[in-house]
Amino acid sequence: MSKGYRLTASTGIHKGDRDYQQDQVILLSHARVTGCVLAVLADGMGGRSGGRKASDQVMMTAKQLFERYSPETDDTPAALMQLVQEAHTVIKLTAISSEEEPHSTVAAFLINPGGDCYWAHAGDSRIYHYHGSKFIKRTMDHSYVQVLVNRGEITEEQASNHPQSNILMGCLGTESDPPVDIHFIPKLRAGDVLMACSDGVWHYFNTAEIGSILSSLSAREATEFLIEKARSRGHGGGDNLSLVVVKLEPLGS
């Protein structure tokens, strides 16, 4: 474990202007291994209880998997793929036994004690990686508007306000297997920040704004500020909001 940083973290969740909460977020520290952390976020869809059941299943699956996870011997990308696939299967089984059509996005990142990090996502919940305020990388949404952006037909700014911005090309609980993208960060450094959030948060900010907020505020302050600002920018029509921020603070700071 690098002695150059300490992890500080915060989660935030708000139902926004919706009548009920379908987002779920969790941050887990490994029970046996110091410096091993799993963050998971899920944005449930499919009616009042259907969406919540779906996001609950993602959280339950993540907890069970992380309890068994051994950073010294287990394959991290395979563990994240297993998390997504198992949650997807359970959500599909839930649909069979109920009247609803539960679906969910997932965005998860796992930091190992050596400082390596993997992330996985399906749907349009995002993970961002910054160093200080400098944007490094984010996940690419499995959505219709992201396809249009990739083709060069619309810009990122136009995608945010596109009338079909809520159409997903894949998520958990559908008939077909979810698309899962895995990303590897070989070595996190002091000054790095990771954030996972639902579209209820990222919809209202560009990457530069997020970087400025994450770098200038503590993890707790950043989660509170992003929720508050997204709520005001939603003008009474905002979605559920959820996020998790993990900062690698230089020792002595």
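These are my notebook entries on a few elements, residues and a cavity that I looked up in a predicted model.

**Entry 1: helix α2**

I began with helix α2, which covers residues 76–96 and so counts 21 residues by its record of first and last positions in the model. From its first C-alpha to its last I noted a reach of 31 Å, close to the 30 Å expected at 1.5 Å a residue. At the N-terminal end I found D75 acting as the cap, with a side-chain oxygen 2.9 Å from the backbone nitrogen of A78. I then listed the buried residues of α2, which are T76, A79, L80, L83, V84, A87, H88, I91 and T94.

T89 also lies in helix α2, and I looked it up separately. Is T89 buried, partly exposed or exposed? I have it down as partly exposed, because its relative accessible area is 42%, which falls between the limits of 20% and 50%. I also wrote down a contact across the chain: the C-alpha atoms of T89 and G173 are separated by 6.9 Å, although the two residues stand 84 apart along the chain.

**Entry 2: strand β11 and its partners**

I next turned to strand β11, residues 241–250, and recorded it as mostly covered, with nine of its 10 residues buried. Which strands pair with β11? On one count, strand β1 (residues 5–14) is joined to β11 by 10 bridges, and the two run antiparallel. Within that pairing I noted T11 opposite V244 in β11. Strand β10, residues 192–197, also pairs with β11 in the antiparallel sense, here over five bridges, and in this case L194 is the residue that stands opposite V246.

**Entry 3: from β10 to β7 and β8**

Following β10 further, I found that β7 pairs with it over six bridges, again in the antiparallel sense. Strand β7 spans residues 126–131, and five of its six residues are buried, so I describe the strand as largely enclosed by the rest of the structure. Four bridges join β7 to strand β8 (residues 134–138), and these strands too run antiparallel.

Y130 is a useful residue for keeping the register in view, since I can place it against both neighbours: Y130 stands opposite V193 in β10, and Y130 stands opposite F135 in β8. What lies between β7 and β8 in their hairpin? I counted two residues between the strands, and noted that G132 takes a positive phi near 60°.

**Entry 4: H235**

I then looked at H235, whose place is in the loop between α7 (219–233) and β11. Its phi is positive, at about 50°, although H235 is not a glycine. I set this beside the general expectation that most residues other than glycine have a negative phi. Is H235 buried or exposed? I recorded H235 as exposed, because its relative accessible area is 72% and the cut-off for that label is over 50%.

**Entry 5: the cavity**

Last, I searched for enclosed space and found one cavity of 30 Å³ or more in the structure. About 30 Å³ of space lies in this largest cavity. Which residues line the largest cavity? I listed D17, G200, Y204, A230, R231, G234, G238, D239 and L241. By class, the lining divides into three nonpolar, three polar and three charged residues.

Notes. Residues are numbered from 1 along each chain as its sequence is written. This is a predicted model: local features need pLDDT of at least 70, side-chain atom pairs count only at pLDDT 80 or more; totals for chains, interfaces and linings use all residues. Side-chain values use heavy atoms; hydrogens and water are left out. On a 1 Å grid over the protein atoms alone, a cavity is a set of points where a 1.4 Å probe fits but cannot get out, and a pocket is an open set with protein on both sides within 12 Å along at least five of seven lines; lining residues have an atom within 4 Å of a point. Grid points are joined across faces, edges and corners, and a volume is the space filled by probe spheres set on the points. Ala, Val, Leu, Ile, Met, Phe, Trp, Tyr, Cys and Pro count as nonpolar, Asp, Glu, Lys and Arg as charged, and the others, Gly among them, as polar. The expected span of a helix is 1.5 Å times one less than its number of residues. Buried means under 20% relative accessible area, exposed over 50%, partly exposed in between (1.4 Å probe, protein chains only). A polar contact is a pair of N or O atoms within 3.5 Å; within protein, one must be able to donate a hydrogen and the other to accept it, and residues adjacent in sequence count only if both atoms are side-chain atoms. Two strands pair if DSSP finds at least two bridges between them.
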